[in-house]
Structure formats: C-alpha cells, structure tokens
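Let's take a walk through a protein chain together. Keep the picture open beside you and turn it around as you read.

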Amino acid sequence: MSVVSFNKEKIMQNSEQAAKAMPAKQAKPVVAVVSPLSATATAATPASKKAGAWAAIAKRVFEGLLPPVIGLLIFGAIWSTVAALTQGLPGPVQTWHSAVELFSDPFYINNPNDMGIGWNILNSLKRVATGFALAAVVGIPMGFVIGRYAFMSKMAAPIISLLKPVSPLAWLPIGLLVFKAANPAAIWVIFITAVWPMIINTAVGVSKVPQDYMNVAKVLNLSEWKVITKILLPYVMPYMMTGVRLSIGAAWLVIVAAEMLTGGVGIGFWVWDEWNNLNVEHIIIAIFIVGIVGLLLEQCLVMLAKRYSYE
C-alpha cells in the first residue's frame, strides 16, 4: 500500500468519525404569525354562515307565503266590496262568525232531516267513496283491455264517444228508475261521472307503451300477468293517476248537485235546505267546505301517486 492511499483512508475515517460526533442541528420552530384581522375573520365565519342560512330560510318563507296572503287579501277585499253593494249578501266577517257557530257543534242530531254539518260532509264523502271505488274497479281494468287490444279499442270507441259527453245529472232519473231509491241513484251518478276519465287515461297510457318493451316480453315469453305487472303498470301509472285525479274532482263536484235533487243527508241537500231557509251565510260556508274537501282529496291522491311512482 502506498503512502498516498494510506493517507486518503485515514482522512476519510477521521471525517466519518467527526460527522458522527457532531450534534444534529436542531430545526428552528416555525411560528405562525396571525394578524388580529385574520383571526377576527376566522372567528366570524361560522356566525356569518348561520346568518346566511337564516336569511335563505326567511327568503323561502317570504316567497312561499307572501303571494298567497296577498291573493287572499285581494279576494277578501273584493268580497267585502261586493257584499257592501249587494243587499242580503254577507261579508267575510259575518260569514266567519257564522262558521264558528256552525262548527261549534258539527255532529248534533235533532231529527233525520236536521243534522250537523259534520254528518252531512261524512255522508257525502261516503257516497263519493262508494261510487269512486266502483268506477275504479270497472274503469281501470277496462282501460287496460281497451288499450291492450286494438279490436276492443275499436269496439268501445263509439260507445265512449256517445256516452261521455252526456251530463252526469241526466243519468239521475235512470238511477232512480232502476234502483228505486235516492242513495243508490246518487252513487250511480258518481260512478258514471268517475268512470270515463279512468277508462280513457288508462287506455291512452297502455297504447303509448313502447313496442320494444312488448317485443322483449315476447322474447322472454312472459305471461300476460307478468306483462301487466312488470311492463304495463309501471309505464301506465302516471296516466292512470291523472285519470283518478280527474275522476275524484268530477265526482265531488257532481255529488252536490245530485244531493240537491235526491235529498237526504249530504252537503248538497244541506245547501238546498239552507237556501230554502234563506241562510246565505251557510251557503257560502258550504261553498268553502266543498272547495277545501275537494282540494284535500286531490292532494291525497297526489301523495299516493308519488308514493307508488315508478319514475
């Protein structure tokens, strides 16, 4: 070994020993400098977010409530003006006091022809429910058959075109003649009113099912029941529910007129009886009752349609 190489090795060993003996250099701690302005902004961020959320909620409430309130105020102002100019027509305040008195005991019974408003509403709803259920049992399956088979559609088309435009009250004498009683005759009028929208809308929905769906059913060799439940029903549901909504609205509209003619216990008979007694406040109250009940029935069907929607 030469002197030069020996010295190089000695120098390298000394350098390594010196490096190991040297203490590690400590890292200087980093101190974050936060200005008072940035700290204030950071602390205020949650509060500003909360204020923004409350402002958004207030805006939605304001936009949702203000237009209806303005509309009701305008309606009340017009009603008050017309009542002031028309002798015998009660205004909103007088009608409200009469409604409070009327609904203080809605289920009294003095005699079969003198019952509270609650009994009249329930009897009308019972007739509408019965006629509506019968119309659904008949109309919806018939709509499926008419929409499914072209032969049945052509056969039923002239009958539907002929009978659908007939006024529902024109069927009342036929019901009285056949059933010999006022209550089933009123139910018959509800049935004949509600059945047409169900048939037509269901049939239209079935006829609009894409042919590709039916071709797939043929390839898979599905039974008719599977075709109806797995293909037709999901596609037809929006059309069918539209027909149901139209039917319930028409049924509730017609029952008032039918009960005026048939008598008995019901909201229509109650309106006619109050007119004979010249109690105009109760007639106006009945108008609001009919509107509110019809609105609630339609909203219930809307929620039902959303519940069973296949979309």
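What follows goes from the overall layout to confidence, then to pockets, and finally to a few single residues.

Start with the big picture, and bear in mind that this is a predicted model. The chain has eleven helices and two strands. If you follow the sequence from its start, the elements come in the order α-α-α-β-β-α-α-α-α-α-α-α-α. So where do the two strands sit in that order? They come one after the other, following three helices and followed by eight more.

Now for some numbers on the chain as a whole. It has 311 residues, and 31% of them count as buried. Its accessible surface comes to about 20,600 Å², with 70% of that belonging to carbon and sulfur atoms. Contacts tell you how the chain folds back on itself: among those between residues at least 6 apart in sequence, 68% join residues at least 24 apart.

How far can you trust what you see? The average pLDDT of the chain is 81, and 84% of the residues score at least 70. Two stretches deserve caution, though. Over residues 1-8 pLDDT stays under 50, and the model has two contacts beyond four places in sequence for them. Residues 21-43 also stay under 50, and here the model has one such contact. Where pLDDT is low, the predicted coordinates should not be read in detail. Don't puzzle over the exact path of the chain in those places.

Next, look for pockets. The largest one holds about 390 Å³ of space. It is lined by 13 residues, and those closest to its centre are Trp79, Pro92, Thr95, Trp96 and Phe288. Which elements give two or more residues to this lining? They are helix H2 (36-85), helix H3 (92-102) and helix H11 (280-307). Sorted by class, the lining has eleven nonpolar residues, two polar ones and no charged ones.

The second largest pocket has a volume of about 180 Å³. Its lining has 15 residues, and Asn113, Asp114, Met115, Trp270 and Asp273 lie nearest the centre. Two elements give two or more residues here: strand S2 (114-115) and helix H10 (267-276). H10 gives the most, with four residues. By class, this lining divides into seven nonpolar, five polar and three charged residues.

Stay with H10 for a moment. Its buried residues are Ile267, Gly268, Phe269, Trp270, Val271 and Glu274. What do they pack against? Their partners are H3, helix H4 (117-148), helix H9 (224-262) and H11. An α-helix has 3.6 residues a turn, so residues three or four places apart point the same way. Try looking down the axis of H10 with that in mind, and pick out Trp270 and Glu274, which are both among its buried residues.

Just after H10 comes a little surprise in the backbone: Leu278 takes a positive phi of about 55°. Most residues other than glycine have a negative phi. Leu278 has company. Lys180, which is not a glycine either, has a positive phi of about 60°. You'll find Lys180 in the loop between helix H6 (172-179) and helix H7 (182-207). Asn221 is another case, with a positive phi near 55°, and this residue is found in the loop between helix H8 (211-219) and H9. Are these two loop residues, Lys180 and Asn221, buried or exposed? Exposed means over 50% relative accessible area. Lys180 is at 66%, so it counts as exposed, and Asn221 is exposed too, at 68%.

Finish by seeing how helices meet. Gly147 lies in helix H4. Its C-alpha atom is 4.1 Å from that of Ala203, although the two residues are 56 apart along the chain. Which residues does Gly147 touch, leaving out those up to four places away in sequence? They are Ala203, Val206 and Ser207. For another pair, go to Ala157 in helix H5 (residues 150-163). The C-alpha atoms of Ala157 and Ile146 are separated by 8.9 Å, with the residues eleven apart along the chain. Ala157 has 37% relative accessibility, so it counts as partly exposed.

Notes: Residues are numbered from 1 along each chain as its sequence is written. This is a predicted model: local features need pLDDT of at least 70, side-chain atom pairs count only at pLDDT 80 or more; totals for chains, interfaces and linings use all residues. Side-chain values use heavy atoms; hydrogens and water are left out. On a 1 Å grid over the protein atoms alone, a cavity is a set of points where a 1.4 Å probe fits but cannot get out, and a pocket is an open set with protein on both sides within 12 Å along at least five of seven lines; lining residues have an atom within 4 Å of a point. Grid points are joined across faces, edges and corners, and a volume is the space filled by probe spheres set on the points. Ala, Val, Leu, Ile, Met, Phe, Trp, Tyr, Cys and Pro count as nonpolar, Asp, Glu, Lys and Arg as charged, and the others, Gly among them, as polar. Buried means under 20% relative accessible area, exposed over 50%, partly exposed in between (1.4 Å probe, protein chains only). Contact means heavy atoms within 4.5 Å. Accessible areas come from the Shrake-Rupley method with a 1.4 Å probe; for residues, only the protein chains shown count as cover. pLDDT is the predictor's confidence in each residue, from 0 to 100.
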